Every structure is written in structure tokens, then in C-alpha cells.
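Q: I'd like to get better at reading a helical model. Could you walk me through it feature by feature?

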Amino acid sequence: MEEQDLVIERMSYIARFIYVNMPSFTVAGYVLFIVIFLLSVLVYKLGFAKKLMFKQNVVIYIFLLLGCLMLTFLAFFLPVVEALLVAAFILIIYKIRLKLEKRGSTT
């Protein structure tokens, strides 16, 4: 077995899926980074975002981008994407229930 196959076997499920289905490892790395960044933005917006000025939002997203770069390196062997998906799913359920409770209490 080649070293490349051993590394791919140790990857988390979604990282392995991306690396197997992309045309090159470089493209797969960028796709994994974009997936992590988009999921991080979704989790931030659903759970933590407040109304801020444009400059403050730019700073937050720059630091989020830098943090996602580090998370991408961890995502090769740890289930980072899967954890972000679970967090997004939980926050979506929370927002839906919150909206339903507000709608029920106003009527």
C-alpha cells in the first residue's frame, strides 16, 4: 500500500470524500477550505452575529478566514466539517423553534 493510500484512509469522512472526488489534491485542499469557511460563516451568523458596523464585520470575517485556515489543517484527520455541520443543524433547529415560540406567544 502506498503512503498516499494510508493517509487517505486516516482522513475524516468528508475530507476523504473531497480528496477522492476532486481532480487534484490542490483543488481538494481549496474545496475543503471553502467548505469549512462557509460552514463557519453559517454557524457564526446563526449563533453569534450581532448588528455591527461594516468595518467591524470585515475584521471579524478576516479573523474567521484565518481561523478557518488553521481548521483546514486539522480537518484532514479530525471531523471538523462534520462538527460544523452538527453545530449548524442544531442552531437551525434552535432558530426555527425560537421563531415558532415567538409566533405562538404573539397570537
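A: Happy to. Keep in mind that this is a predicted model. Let's begin with a loop: Pro79 sits in the loop between H4 and helix H5 (80-106).

Q: Is Pro79 buried, exposed or partly exposed?

A: Burial is read from relative accessible area: under 20% is buried, over 50% is exposed, and what lies in between is partly exposed. Pro79 has a value of 47%, so it's partly exposed.

Q: And how far is Pro79 from Tyr13, in sequence and in space?

A: Here you set the two separations side by side. Pro79 and Tyr13 are 66 residues apart along the sequence, while their C-alpha atoms are 7.5 Å apart in space.

Q: What about Ile18: where is it, and is it buried or exposed?

A: Ile18 belongs to helix H2. Its relative accessible area is 9%, so Ile18 counts as buried. You can do the sequence-versus-space exercise here too: Ile18 and Gly29 are eleven residues apart in sequence, with 8.4 Å from C-alpha to C-alpha.

Q: Now the helix pairs. How do H2 and H3 pack?

A: Look at the angle between the N-to-C directions, then at the distance between the axes. Helix H2 (residues 13-21) packs on helix H3 (residues 25-47) at about 140°, and their axes are 8 Å apart. That angle makes H2 oblique to H3, because roughly antiparallel would need an angle over 145 degrees. As for handedness, H2 passes H3 in a right-handed crossing.

Q: At what angle do H3 and H4 cross?

A: Roughly 130°, with the axes coming within 9 Å. So H3 is oblique to H4, and their crossing is right-handed.

Q: Which way does H3 run relative to H5, roughly parallel or roughly antiparallel?

A: Angles under 35 degrees count as roughly parallel. H3 and H5 pack at about 25°, with axes 9 Å apart, so H3 is roughly parallel to H5. H3 passes H5 in a left-handed crossing.

Q: Last one: which residues form the nonpolar patch on the surface?

A: For a patch, you look for neighbouring side chains of one kind that are each accessible, with over 30% relative accessible area. In this model, Phe54, Val58, Val59, Ile62, Phe63 and Leu66 form a nonpolar surface patch, and together they have about 610 Å² of accessible area. Take Phe54, one of its members: it lies in helix H4 (residues 54-75). With a relative accessible area of 67%, Phe54 is exposed, because the cut-off for exposed is over 50%.

Note on methods:
Residues numbered from 1 in each chain as written. Predicted model: local features only at pLDDT ≥ 70, side-chain atom pairs only at ≥ 80, totals over all residues. Heavy atoms only, no water. Patch = residues over 30% accessible without salt bridge, like charges linked within 9 Å, V, L, I, M, F, W, Y side chains within 5 Å. Areas by Shrake-Rupley, 256 points an atom, 1.4 Å probe, with all protein chains shown as cover. Salt bridge = Lys/Arg side-chain N within 4 Å of Asp/Glu carboxyl O. Helix = DSSP H or I, 4+ residues; strand = E, 2+ residues; numbered from the N terminus. Buried < 20%, exposed > 50% of the residue type's maximum accessible area, 1.4 Å probe, protein only. Axes fitted to C-alpha atoms, helices over the stretch in contact; angles between N-to-C directions. Parallel < 35°, antiparallel > 145°, perpendicular 65-115°, else oblique. Left-handed = near helix turned anticlockwise from the far one by under 90°.
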